[in-house]
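This report looks at one helix, its faces and its neighbours, then turns to the nonpolar core.

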Amino acid sequence: MVEFLRIHRAEITTLTLEHIWLVAISMAIAVLVGVPVGILLTRKPRLREPVIGGANIIETIPSLALFGFLLPAPWLGARADRIAITALALYALLPIIRNTYVGITGVEPGVREAARGMGLTSRQMLWQVELPLSMSVILAGIRTATVLCIGIATIAAAIGAGGLGEFIFRGLAMVNNSLILAGAIPAAILALAADFGLGWLEARLRPPHA
């Protein structure tokens with residue numbers, strides 16, 4: 001196995017970078033969409049059930065099926081990486097939206113009252129009080145979504161989007177454990193590294209009283 005990894009290190013590096021790129025773009029989109037949606041739900045609670053429910057439904061769709069649903073979509077279906085990025089971003093939305101909502105609504109009422117007493121507007125309260133105090137909870141959702149995306153991104157190789165899943169599917173087709181491990185091991189390392197790094201950041205951003 002070590003010899004195999006040494007011989008194929010260039011291809012492993014290339015596919016690992018493809019994998020990171022797919023996850024990074026997907027997560028950027030998910031954060032840019034999910035956090036504002038989570039904030040919106042705290043302002044309009046009546047939207048909570050349909051939005052969270054919709055995100056829950058997406059989460060239950062098998063990844064290969066979701067890739068298949070997106071294939072006929074205009075523009076998206078023209079390139080496999082667009083389909084993969086869209087699907088991964090959709091899967092990442094639920095933990096980000098939910099944690100953003102929970103984090104902001106979990107800010108202590110006394111803190112809100114004190115902020116109002118200081119004359120803060122709703123916008124100022126959001127940026128100066130609610131988001132800073134809920135950042136560790138929001139980051140926990142991003143952490144969960146990132147690890148989830150790293151795992152699901154291996155399936156993207158089934159539609160030709162690249163990434164470490166290329167080795168896994170090739171290994172399955174050839175019944176070659178070395179090929180499977182060449183994709184599975186780096187993917188697992190990426191997931192562990194993301195979990196550890198974001199977990200460390202989450203702990204640093206946690207309020208002292210939490």
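The face of α8 turned away from its buried side carries Ala173 and Met174, both exposed (over 50% relative accessible area, 1.4 Å probe, protein chains only; buried is under 20%, partly exposed in between). Helices here are DSSP runs (H or I, at least four residues), numbered from the N terminus.

This is a predicted model: local features need pLDDT of at least 70, side-chain atom pairs count only at pLDDT 80 or more, and totals for chains, interfaces and linings use all residues. Residues are numbered from 1 along each chain as its sequence is written, and side-chain values use heavy atoms, with hydrogens and water left out.

The buried residues of α8 are Gly165, Phe167, Ile168 and Gly171. Seen down the axis of α8, they fall within an arc of 160° (taken from the directions from the helix axis to the C-beta atoms), so they line one face of the helix. They pack against α2 and α9. Val175 follows α8, with a positive phi near 50°.

Contact means heavy atoms within 4.5 Å. The α2 and α8 residues that meet are tabulated here.

| Helix | Residues | In the contact |
|---|---|---|
| α2 | 9-43 | Glu11, Ile12, Leu15 |
| α8 | 165-174 | Glu166, Phe167, Arg170 |

The two helices, α2 and α8, pack at about 120°, with axes 9 Å apart.

The largest nonpolar core (buried Ala, Val, Leu, Ile, Met, Phe, Trp, Tyr and Cys joined through side-chain atoms within 4.5 Å) has 49 residues. Met27, Ala92 and Ile96 have the most contacts inside this core. Its largest share, 13 residues, comes from α5. Ala92 touches Met27, Ala30, Ala145 and Cys149, not counting residues up to four places away in sequence.

Methods: Axes fitted to C-alpha atoms, helices over the stretch in contact; angles between N-to-C directions.
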